[in-house]
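Hi everyone, thanks for coming. I'd like to walk you through one structure today, so let's put it up on the screen.

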Amino acid sequence: REFEVLVDALEQMRARQLLGEVTIVVHRGAGAYICGEETALLESLEGKRGQPRTKPPFPAIAGLYASPTAVNNVESITTVAPILEMGGAEYAKLGVENSTGTRVFSLSGNVVRPGNYELPHGFPLGELIDGIGGGIADGRQLKAVIPGGSSTPILTAAEARKVTLDFDSMTGAGTAIGSAAVIALDDRVCMVQLAVRVSQFYEHESCGKCTPCRVGTRWLTQILKKIEAGHGTHADLELLLDVGERINGTCLCPLGDSDAIAVASYVAKFRDEFLFHVREKKCWKT
């Protein structure tokens, strides 16, 4: 649907002769997560397998077909129109210092009203969930929040209600605003099971080019599955964190790091649940 909307808009622009000498081509990808990394995206555009390139050279020097290339995400481009309409100074009044303007926050998880909400930076995270999102569904309690997509460190419910949706506040809380994909988790969620699901995702989406990512994400998933199944030991828990440290900072792109950082944050914030699986050989929900 999105592809058709873009193609239709492009045809309207051509019909009204709004493009002048500019050539715009809409390429349709296959939805690979790895192609969110800019050089993997360029590889895909060139008809190659979507895998990150070794940098340098950076795209601004040698990008698409080895030519200097500026890579922007869609959200950055969509802000151009309101900035031109309002003027830069007026637009900069939105949000907070160091995080001006607005952001589209994609609220999902166990909330009454999930959706995409454009809000100024600095908006309270708790108000997004409890106010705009209608609170936690079915009368449950908020347990934790993933504030900026699955790659960002998790926040406890108490932490989430103290922070605002901007770069400085999130960094100060030990996490990141990331892709602004806010996931609210209620009190039914098992953090070990969540860790398994997140690690499985990154293992599946790894392009396989880097050994630490290709092998490391699989190791994280296997250890987590062992712990979840009730066969884990205290040594496995320490091994889990050790594997994550060996992944972090050793890959061509942040995909492997994302798995390691996310899993480590679950263990740090909800270690008792991991220890319960190790000690009792079962999930606390059973």
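**Cysteines, a sheet and a helix pair**

Let me begin with the cysteines: the structure holds 0 disulfides. Cys-207, for one, is in no disulfide, and the nearest cysteine sulfur, that of Cys-210, is 6.1 Å away. Please keep in mind as we go that this is a predicted model.

Is Cys-207 buried or exposed? With a relative accessibility of 15%, Cys-207 counts as buried, because the cut-off for that is under 20%.

Now look at Cys-253. Why does Cys-253 have no bond to Cys-213? The closest cysteine sulfur to that of Cys-253 is the one in Cys-213, but at 6.3 Å it is too far for a bond; a disulfide needs the two sulfur atoms within 2.5 Å. Cys-253 is also buried, and its relative accessible area is 11%.

Let's move on to the sheet. It is an open sheet of 5 strands, and if you trace across it you read S4-S3-S9-S6-S7, with mixed pairing. Which strands sit at the edges? Those are S4 and S7, the latter being residues 155-156, and each of them pairs on one side only.

Start from the S4 edge. Strand S3, residues 102-109, runs antiparallel to strand S4, residues 115-120, and 6 bridges join the two. S3 and S4 form a hairpin, with 5 residues between them. If you want a spot to click on, take Leu-107: its bridge partner in S4 is Gly-115.

Further across, strand S6 (residues 142-146) and strand S9 (residues 181-186) are antiparallel too, joined by 4 bridges. There you can find Ile-146 standing opposite Ile-183 of S9.

What packs on this sheet? Helix H6, residues 125-132, does, and it touches S3, S4, S6, S7 and S9. The direction of H6 makes about 135° with that of S4.

Last stop, a pair of helices. To describe two packed helices, we give the angle between their axes and the distance between the axes. Helix H11 (residues 234-247) packs against helix H13 (residues 271-280) at about 140°, and the axes are 9 Å apart. That angle makes H11 oblique to H13.

And who makes the contact? From H11 we have His-234, Leu-237, Glu-238 and Leu-241, and from H13 come Arg-271, Phe-274, Leu-275 and Val-278. By type, the residues of this contact between H11 and H13 split into 5 nonpolar, 1 polar and 2 charged.

That's my tour, thanks for listening!

Methods. Residues numbered from 1 in each chain as written. Predicted model: local features only at pLDDT ≥ 70, side-chain atom pairs only at ≥ 80, totals over all residues. Heavy atoms only, no water. Pairing = 2+ DSSP bridges. Axes fitted to C-alpha atoms, helices over the stretch in contact; angles between N-to-C directions. Parallel < 35°, antiparallel > 145°, perpendicular 65-115°, else oblique. Contact = heavy atoms within 4.5 Å. Nonpolar A, V, L, I, M, F, W, Y, C, P; charged D, E, K, R; others polar. Buried < 20%, exposed > 50% of the residue type's maximum accessible area, 1.4 Å probe, protein only.
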